[in-house]
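Colleague: I have just opened this one and would like a guided look at it. Could you take me through it step by step?

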Amino acid sequence: MTTVANSVGQKKGFGATLWDWLTTVDHKKIGILYLIGGGFFFVLGGIEAMLIRLQLLVPNNDFVSAGFYNELITMHGTTMIFLAAMPLLFGFMNAIVPLQIGARDVAFPFINSLGFWMFFFGGLFLNLSWFLDAAPDAGWTSYASLSIASTGHGIDFYAIGLQIAGAGTLMAGINFLVTIINMRAPGMTYMRMPLFTWTTFVASALILFAFPPLTIGIFFLTFDRMFGGNFFDHTMGGNTIIWEHIFWIFGHPEVYILILPAFGIFSEIFSVFARKRLFGYSAMVFATVLIGFLGFMVWAHHMFTVGLGPTANAIFAVATMAIAVPTGVKIFNWLLTIWGGNITMTTPMLYALGFIPSFVMGGVTGVQQGAAPLDYQLHDSYFIVAHFHYVIVGGVVLAILAATHYWWPKMFGTMLSEKLGKITFWFFFIGFHMTFFLQHFLGLMGMPRRVWTYMDGQGWNLFNLISTIGAVLMAIGTIVLLINIIVTTAKNVRVGNDPWEDGRTLEWAIPSPPPFYNFAQTPLVRGLDTYWIEKQEGHNGYTAAEPVTDIHMPNGSIIPFFMTLGIFIAGFGAMYRVDHSWGLPVLVFGLAFTFLTMAIRSVKDDLGFYVTKDQIRRMERGRD
Amino acid sequence: MDLNTKFTPQSWPDHPETATMEAKNKFVGFWLFLGGETVLFATLFATYLALKNSVPDGNEFRTETLFELPLVFVMTMLLLTSSLTSVYAMYHMKNYNFKQMQLWLAITGFLGLGFLALEVYEFNHYIHLGFTFSNSAFSSAFYTLVGTHGLHVALGLVWLTLLILRNAKRGLNLYNATKYYTFSLYWHFIDVVWVFIFTVVYLMGVVG
């Protein structure tokens, strides 16, 4: 019962607080940990982006060396995809999805914590490369021939860091799937689930089937670089194209893993701030599933120029263009949701409205690249860079920023300043288009991606200059957001259950932030947008599906932290085994340590604890 | 959950592996995990098929000259039989017959151990012939595919040993029934993967 006492108790010392966060299995706290971790890496990746843009500010620039530039682009891409965008989305999934389905936690709270620590230590491992050796420099795709030839330990950091972080992602994916399948409250049928829950569900299924190939691909790379394997070495019978296939069989679903939750976030925002039910809910669900399915059929469109032949290219071209259909369905449904709605121009709504034209532009250039013959022209040019930044920044990052403003009050109990939020939006939005719009034309003019500088007199100077200024605007927007967060936290003005006043889904029916057991009584879900239905009928809160009973909650545990620490240590052993005699013992020790923690976990009963009826009544009363 | 609830064969639920909320979660989660494992092995198989017999000039090692079916046949029989014995164990688990369950699981473990010993012998034999991990792309792909399966067997054996020892004194309850059940799922999965390895790697390597 100590845990209960702690969570309702008074101020704790620093040590106790730290211990609490290291051992927490509460999905809301893990969500916050993901936001902090992902936010940190987002800033890091942003700094790398700024250095790239400063290097390209003027022709023949020598602000950074060619080698360092390669490290910058590699780390920028890898960090932003694996360590910023995904964890930030996981943060919102963790914090919100259990609330939306009326659950008290995720299905596997222990594994949830393990998944977070794996992500964090994997990211740490990858970024320690800056200090310990050289950072990876073969691009975020690390195509095999190049990555095998790379000297130093840079690529080893990439391989092992991503392996650890990727395992964490896989665990999170399975966890969300089981949570959504098994833990929905009574009445929460699949076709009543909020769109954010639906998109989390489909994205998690994509994680389940896309990450194992990445695991295997990275193992091959690790074996080839560190353990004498020959998968990609053609002189030994290997085949370098295998890496490309495996990487993109993972890599293409990965972009849908990012964008589907973003779609979910915007679906929530449109319907709340237009005060209308989401238009075409079932079509939205169907489109989400279809996009997820088609996402596995198109990986070779990243490899049109490899030479797979016209038949393969044609099939993958058609499959690629087919994805535009369900995506178009979504765009029109959002437009029809706003149509005739009673619109409030809040910060999240601004992001949502900005998202539609931005993302459509990224989608249109995507279909253009899907035409294989045209792709031969566009391949490896700045047109590609412009395209994927339009979908990733114009889609995913705008969604993350929107969600930050939208769910901040639910997660932290305070409201971010709307004024500063709108300043962030305009700086970021204008800066984004300034940076990337002109890169389409730079690409068409022939500017290649991943090259550290360019010569004068090709007509590229002005566009590159404008592009860099745009990047500065985005950085200012991000800084304003950070100031906003600090100011809001310092002021600490508490808000009620439903601070936007038009919340439709279950998370808005409970306090902000929710108590650690979320729902004093399991809710009864009465339809799509169940909280909206309750409010229409004049109810305050949700209809309960059960009387107040004892609540079963999971125990906190430090084991996930140590389990990951073992793998983290083993990673260094595997990497330095080639140069130092201490490498092998460290590798063995790290793995043995992890297996020991796994054995402890397996042998020690972890039955959780009960919060009694009386304690719940007392805590609920204390709030009113 | 109360571990002290005493069951009789009559009061023991028909599906003890999914009798509680935690158990249902573990059950579904484990099936999904096996789905991910399927994709993992599919990637390994695809790579193996792409690199099968792909060796540098002058390298002698090919599937036809390397593999010998009698040994692999014995390994296959051991593992297939261990799958059957694990089914017996689950039959007894559902009937709340703890002693019989432990016995059949122990037999399952010994059969698995026999399989693993033969695999170690096989790999050792190849390495002495000079067919090492670094010998060619083919050798890397072979050892990674078959070795990953072997690692799964080894981890399964550790898991099984821990299960048998940990629960030896306290018998069956609704907390560990799921653990036993998911182990048997895992063991069947390993068996199915081996059937594919036997077919794709060994049979098609020698005959195909």
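**Talking through the model**

Modeller: Let me begin with burial in chain A, where buried residues make up 54% of the 624 residues, and please keep in mind throughout that this is a predicted model.

Colleague: OK, and what is the radius of gyration of chain A, set against a compact globule?

Modeller: Chain A has a radius of gyration of 24 Å, which agrees with a compact globule, because a globule with 624 residues would be near 25 Å. The C-alpha trace of chain A spans about 70 × 65 × 45 Å along its principal axes.

Colleague: How many helices and strands does chain A have?

Modeller: There are 21 helices and 2 strands in chain A. If you look at contacts in chain A between residues at least 6 apart in sequence, 82% of them join residues at least 24 apart.

Colleague: Is there any annotation from a record, and what does it cover?

Modeller: An unreviewed UniProt entry carries the annotation "domain: Cytochrome oxidase subunit I profile", which covers residues 13–526 of chain A. Over residues 13–526 the chain is 70% helix and 0% strand, with the end C-alpha atoms 43 Å apart.

Colleague: Now the inside: which residues touch the most other members of the largest nonpolar core?

Modeller: That core has 229 residues, and those touching the most other members are A85(A), F266(A), I269(A), A399(A) and A402(A). Helix α15 of chain A, residues 382–412, provides the largest share of this core, with 22 residues.

Colleague: Take A402(A), then; what is A402(A) in contact with?

Modeller: Once its neighbours within four places in sequence are left aside, A402(A) is in contact with I265(A), F266(A), I269(A), P348(A), Y351(A) and A352(A). There is also a second, separate core of 5 residues, which includes L72(A), I73(A), M75(A) and A135(A).

Colleague: Switching to chain B, how many residues of chain B are in contact with chain A?

Modeller: 30 residues of chain B are in contact with 32 residues of chain A. On the chain B side, α1 (21–51) and α5 (137–167) each supply at least two residues, and α1(B) gives the most, with 15 residues. By class, the side of chain B that touches chain A has 17 nonpolar, 11 polar and 2 charged residues.

Colleague: Last thing, where in chain A does pLDDT stay under 50?

Modeller: The mean pLDDT of chain A is 94, and 98% of its residues reach 70 or more, but pLDDT stays under 50 over residues 1–9, for which the model has 9 contacts beyond four places in sequence. Where pLDDT is low, the predicted coordinates should not be read in detail.

Notes
Residues numbered from 1 in each chain as written. Chains lettered and ligands numbered in written order. Predicted model: local features only at pLDDT ≥ 70, side-chain atom pairs only at ≥ 80, totals over all residues. Contact = placed C-beta atoms within 7 Å. Helix = DSSP H or I, 4+ residues; strand = E, 2+ residues; numbered from the N terminus. Nonpolar A, V, L, I, M, F, W, Y, C, P; charged D, E, K, R; others polar. Core = buried A, V, L, I, M, F, W, Y, C linked by C-beta atoms within 7 Å. Buried ≥ 20, exposed ≤ 12 C-beta atoms within 10 Å, placed from the backbone. Rg over C-alpha atoms; globule rule 2.2 N^0.38 Å. pLDDT = per-residue confidence, 0-100. UniProt positions renumbered as here; feature names shortened; annotations may be inferred.
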